[in-house]
Amino acid sequence: MQKTIKTITSLLYIFAIFSLAAGCKTSQFTAEIPQSPISVSIDLFNVVDDKVKVEVKIQDLNTDTISYYLPKIVPGTYQNNNYGKYIEEFKALDKQGNALSIKKHGDNRWKINNVSQLDKITYWVPDTFDSEDSNHIFSPTGINILKNQNFVLNLYALIGYFTDLKENTYNVFIKYPKKLKGSTSAVETIFKESLENINYDVDFFSFKRYADVADSPIMYSDDNQITFTVNGIEILLSIYSPNKVHKASRIMPQIERIIRAQKNFLGDINTTKKYSILLYLSTLKSNDAKGFGALEHNTSTVAVLPESLSREKLNEALTDVISHEFFHIVTPLTIHSEEIHDFNYNSPKMSEHIWLYEGTTEYFSLLFQITQGLITKKDFFERLQEKIEASKKFDDTMSFTTMSKNILEAPYRENYRNVYEKGALISMCLDIIMREKSYGQYGILDLVKTLSSEFGINTPFEDKMLINTIKEFSYPEIKDFLEKHVVGNTPIDYGAYLEKVGVIYGTENVKSSYFIYEQQPFVKGSESTKEVTFIPGITYNNFLNNLGILGGDVLLSINDKKYNLKNIYDLFGDSNQWKIGDKISFKIKRNENIITLTSTVIAPTVEKTILQQNPNATEKQLRLLKNWIND
């Protein structure tokens, strides 16, 4: 948001003239304002104990009772957060300020009686960032309340809806400290009232319906934002860096580079004219955000990352985050099912096609980087192989459509992360099949473009009909694959599909440390025995293999220095001092027998499975590879 409104005497004054707002310049979400819009005020100026007060007013209700709800779940998340669970001091009041009878049902519903007398409801909303350990709300899906410094507002966590009134217009007034600046893709309605010696401003937004409220995050912070244009899209990058470590102007070049490449990749797919990246950087202190990642919206992304990252590492993290989240403007924000289009925030019916929403999006986030020259072919193959390996950690026989439909329940919930691994690989296979059938001319991006034209933002598809529709716009083999490997439970032979484009499995020796490779240590300590044991069931480096170490061996000493749980970390420092060719002696306990293993120190390596181009690839394979990754 590049403009801020002038101060007004009070929120009450604004409520009195909200009907005038209909004649002013209004939000991009606003059509004709209904006779009885829902008016909401959020007070970020008078913060109390990390809580903000919300006031909701509605008129002309022709019913005896009505219920007010906060969401149990919102689109883009796949867990029940129950935002109403954290609401405090919920009150329904008449015009004289007297309390009306209310009854809370479950975590998210308040039933209000004597509705004809209802003037407003009020309640307090607490910060979720500083209590993430106990509330389990992933930071990018919650709210931050840092008085006079920062407010991250996912509006669905503050604003609810009434029974059968989700389609009513919402007029939202936000009172905030004047020294802060708001960032959002929503376009505010502009008032011009100037008063001296007032330390707050008030922003006013008018949203066509509740879904637009839920889809419009706002961040208030100091002026650390920059706006730039990429291929006709206005991009707003807003960063809250509490210790002033990172500036939006310094991060902007990498973001511009990423989004420009994404737009070039998407071509004529163009679903928004404005996109906002709201980045909150955490101090990692006990009362700060710990859930790192992002949540997509139609025209924005809320991201949370550590402030301690170097600029290089922050750029790398943002490349991964933005590459994925930006592509959500296509799936599911453009192509989506009825379950998403008419989302039920408290009794959700989940779509069967997370493989499309998350898997295709993740695949695009890799594919565009290789086709646009941001990564090398080796990098691309390495990331695909990492996904193949990661997918093996989940149930490979689980139907993806069944998992998707039941993603909020066990055992499907535990396999959710596989939508980013196997889900992306499903799209890879579909891409290769279509390239093969079309002699390289038609791939999954072309299919997505066709589906975007067939459906679009306001035309959802029917879940059960999607695969048949995809068949119509592609090939019978695509339907066969989806029914066998996505609806069905048959694991995918990725090598068979990669071979079509001349890519095969190989091995290479990569550098390792003596007692750890990447994030996998070879040893662990026991709290009960205080012993250091070599972890069974994993592949060791060549040094440990040559030495003769077996899984379950207990390490007693190396060159007469004893090791136990207390000094286990010395292993890593001590081994860094070893010199190639030195004699080394391990004393270990194996099956209660004490034995000594001796060898010489060698450079540790691990044999790693890789994907590589087949040196004997046929002309057809090479042509398909070129069409696939623009090689």
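These exercises cover helix packing, aromatic rings and one buried residue in a predicted model.

**Exercise 1. Helix packing**

Task: Classify how H5 and H8 are oriented to each other, and state which residues make the contact.

Solution:
- Start with the descriptors. Two packed helices are described by the angle between their axes and the distance between the axes.
- Helix H5 spans residues 248-266 and helix H8 spans residues 354-371. Their axes are 10 Å apart, at an angle of about 95°.
- Apply the cut-off: 65 to 115 degrees counts as roughly perpendicular. H5 and H8 are therefore roughly perpendicular to each other.
- Next, the contact. H5 contributes Ile258, Ala261, Gln262 and Phe265. H8 contributes Phe364, Leu367, Phe368 and Thr371.
- Sort by class. The contact of H5 with H8 has six nonpolar residues, two polar ones and no charged ones.

**Exercise 2. Aromatic pairs**

Task: Find how many aromatic pairs the whole structure holds, then classify Phe380 with Trp628 and Phe455 with Phe461.

Solution:
- The search of the whole structure gives 41 aromatic pairs.
- Take Phe380 and Trp628. Their ring centres are 5.5 Å apart, with 65° between the planes. Planes over 60 degrees apart count as edge-to-face, so this pair is edge-to-face.
- Locate the partners. Phe380 is in helix H9 (residues 377-391), and Trp628 is in helix H18 (residues 619-629). The pair links distant parts of the chain, 248 residues apart.
- Check burial; the cut-off is under 20% relative accessible area. Phe380 has 0% and is buried. Trp628, at 2%, also counts as buried.
- Now take Phe455 and Phe461. The centres are 5.7 Å apart and the planes 65° apart, again an edge-to-face pair. Phe455 is buried at 16%. Phe461 is buried at 2%.

**Exercise 3. A ring cluster and charges over rings**

Task: List the residues of the ring cluster and identify which rings lie under the charged ends of Lys166 and Lys175.

Solution:
- Ring pairs join Tyr69, Tyr161, Tyr170, Tyr210, Phe343 and Tyr345 into a cluster.
- Tyr161 has the charged end of Lys166 over its ring, 5.3 Å from the centre.
- For Lys175, the ring is that of Tyr200. The charged end sits 4.2 Å from the ring centre.

**Exercise 4. Surroundings of Ile432**

Task: Decide whether Ile432 is buried or exposed, and list its contacts beyond four places in sequence.

Solution:
- Ile432 lies in helix H11 (residues 422-437).
- Its relative accessibility is 1%, so Ile432 counts as buried.
- Outside its neighbours within four places, Ile432 contacts Tyr497, Leu498, Lys500, Val501 and Trp628.

Technical notes: Residues numbered from 1 in each chain as written. Predicted model: local features only at pLDDT ≥ 70, side-chain atom pairs only at ≥ 80, totals over all residues. Heavy atoms only, no water. Axes fitted to C-alpha atoms, helices over the stretch in contact; angles between N-to-C directions. Helix = DSSP H or I, 4+ residues; strand = E, 2+ residues; numbered from the N terminus. Parallel < 35°, antiparallel > 145°, perpendicular 65-115°, else oblique. Contact = heavy atoms within 4.5 Å. Nonpolar A, V, L, I, M, F, W, Y, C, P; charged D, E, K, R; others polar. Phe/Tyr/Trp six-rings, centres within 6.5 Å; stacked < 30°, edge-to-face > 60°. Buried < 20%, exposed > 50% of the residue type's maximum accessible area, 1.4 Å probe, protein only. Lys NZ or Arg CZ within 6 Å of the ring centre and 35° of its normal.
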